[in-house]
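Biologist: Before we begin, could you show me the chain and its fold, so that we can go through the picture step by step?

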Amino acid sequence: MDSARSARAARAARRRATYEGGVVALGKEARDADYQFWHAGADEVRWNAMLEMALAEIADENSSRLSRLIGGVRRREG
């Protein structure tokens, strides 16, 4: 349990060092911020964000399974 807690703390520290957070209103502003993050970033940034969400969900002891709502891979058009 302590190793899981320290691993979570290490991921959180890495996330705080490399990600920027903020409050986004609901509706169009939230959709625009989401679009900007997922489409403006480099492939590595998007991949790391999706992987971080998946690992956080897997590490959650209360979660019975990985939710399919947290990410996906789609062919880029254009």
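The questions and answers below go from the overall fold to single residues.

Biologist: What does the secondary structure of the protein chain come to, and in which order do the elements run?
Modeller: This is a predicted model, and everything I say should be read with that in mind. The protein chain comes to three helices and zero strands. From the N terminus on, the order of the elements is therefore written with helix symbols alone, since there are zero strands to place, and that order is α-α-α.

Biologist: What share of the 78 residues is buried?
Modeller: A residue is called buried when its relative accessible area is under 20%. The protein chain exposes about 7000 Å², and carbon and sulfur atoms supply 54% of that area. Among the 78 residues of the chain, the buried share is 9%.

Biologist: How many salt bridges does the structure hold, and which one links distant parts of the chain?
Modeller: Side chains of opposite charge can pair when their charged atoms come close. The structure holds three salt bridges. In one of them, the N to O distance is 3.9 Å, and the partners sit in helix α1 (residues 2-18) and helix α3, 41 residues apart. That pair is arginine 11 and glutamate 52.

Biologist: Is glutamate 52 buried or exposed?
Modeller: Glutamate 52 is found in helix α3, and, leaving aside neighbours within four places in sequence, it is in contact with Arg11, Arg14 and Arg15. The relative accessibility of glutamate 52 is 13%, and the cut-off for a buried residue is under 20%, so glutamate 52 counts as buried. Its salt-bridge partner arginine 11 shares that label, as both residues are buried.

Biologist: How far apart are N and O in the salt bridge of aspartate 32 and lysine 28?
Modeller: Aspartate 32 and lysine 28 both lie in helix α2 (residues 28-40), four residues apart, which is about one turn of the helix. Aspartate 32 counts as partly exposed at 40% relative accessibility, whereas lysine 28, at 55%, counts as exposed. The side chains of the two residues meet with an N to O distance of 2.9 Å.

Biologist: Which residue forms a salt bridge with aspartate 43?
Modeller: The partner lies in helix α3, as aspartate 43 does, and the two are three residues apart, about one turn of the helix. The closest N and O atoms of the pair are 2.4 Å apart. With a relative accessible area of 15%, the partner is buried, and its name is arginine 46.

Biologist: Why is the aromatic pair of phenylalanine 37 and tryptophan 38 called edge-to-face?
Modeller: A search of the whole structure finds one aromatic pair. The ring centres of phenylalanine 37 and tryptophan 38 are 4.8 Å apart and their planes stand at 90°. Both residues are partly exposed, phenylalanine 37 at 31% relative accessibility and tryptophan 38 at 24%. Planes over 60 degrees apart count as edge-to-face, so the value that decides the label is 90°.

Biologist: Which residues does tyrosine 19 touch, not counting those up to four places away in sequence?
Modeller: Tyrosine 19 has its place in the loop between α1 and α2, and it is partly exposed, with a relative accessible area of 29%. Its C-alpha atom is separated by 9.6 Å from that of valine 45, although the two residues are 26 residues apart along the chain. With the same exclusion as in your question, the residues touched by tyrosine 19 are Phe37, Val45, Asn48 and Ala49.

Biologist: How much accessible area do the residues of the nonpolar patch on the surface have together?
Modeller: The patch is formed by Trp47, Leu51, Leu55 and Ile58. One of these, tryptophan 47, is found in helix α3 (residues 43-59), and at 48% relative accessibility it counts as partly exposed. Together, the residues of the patch have an accessible area of about 390 Å².

Technical notes. Residues are numbered from 1 along each chain as its sequence is written. This is a predicted model: local features need pLDDT of at least 70, side-chain atom pairs count only at pLDDT 80 or more; totals for chains, interfaces and linings use all residues. Side-chain values use heavy atoms; hydrogens and water are left out. Patches are made of residues with over 30% relative accessible area and no salt bridge: like charges are joined within 9 Å, nonpolar side chains (Val, Leu, Ile, Met, Phe, Trp, Tyr) within 5 Å. Accessible areas come from the Shrake-Rupley method with a 1.4 Å probe; for residues, only the protein chains shown count as cover. A salt bridge is a side-chain nitrogen of Lys or Arg within 4 Å of a carboxyl oxygen of Asp or Glu. Buried means under 20% relative accessible area, exposed over 50%, partly exposed in between (1.4 Å probe, protein chains only). Rings of Phe, Tyr and Trp (its six-membered ring) pair if their centres lie within 6.5 Å; planes under 30 degrees apart count as stacked, over 60 as edge-to-face and the rest as tilted. Contact means heavy atoms within 4.5 Å.
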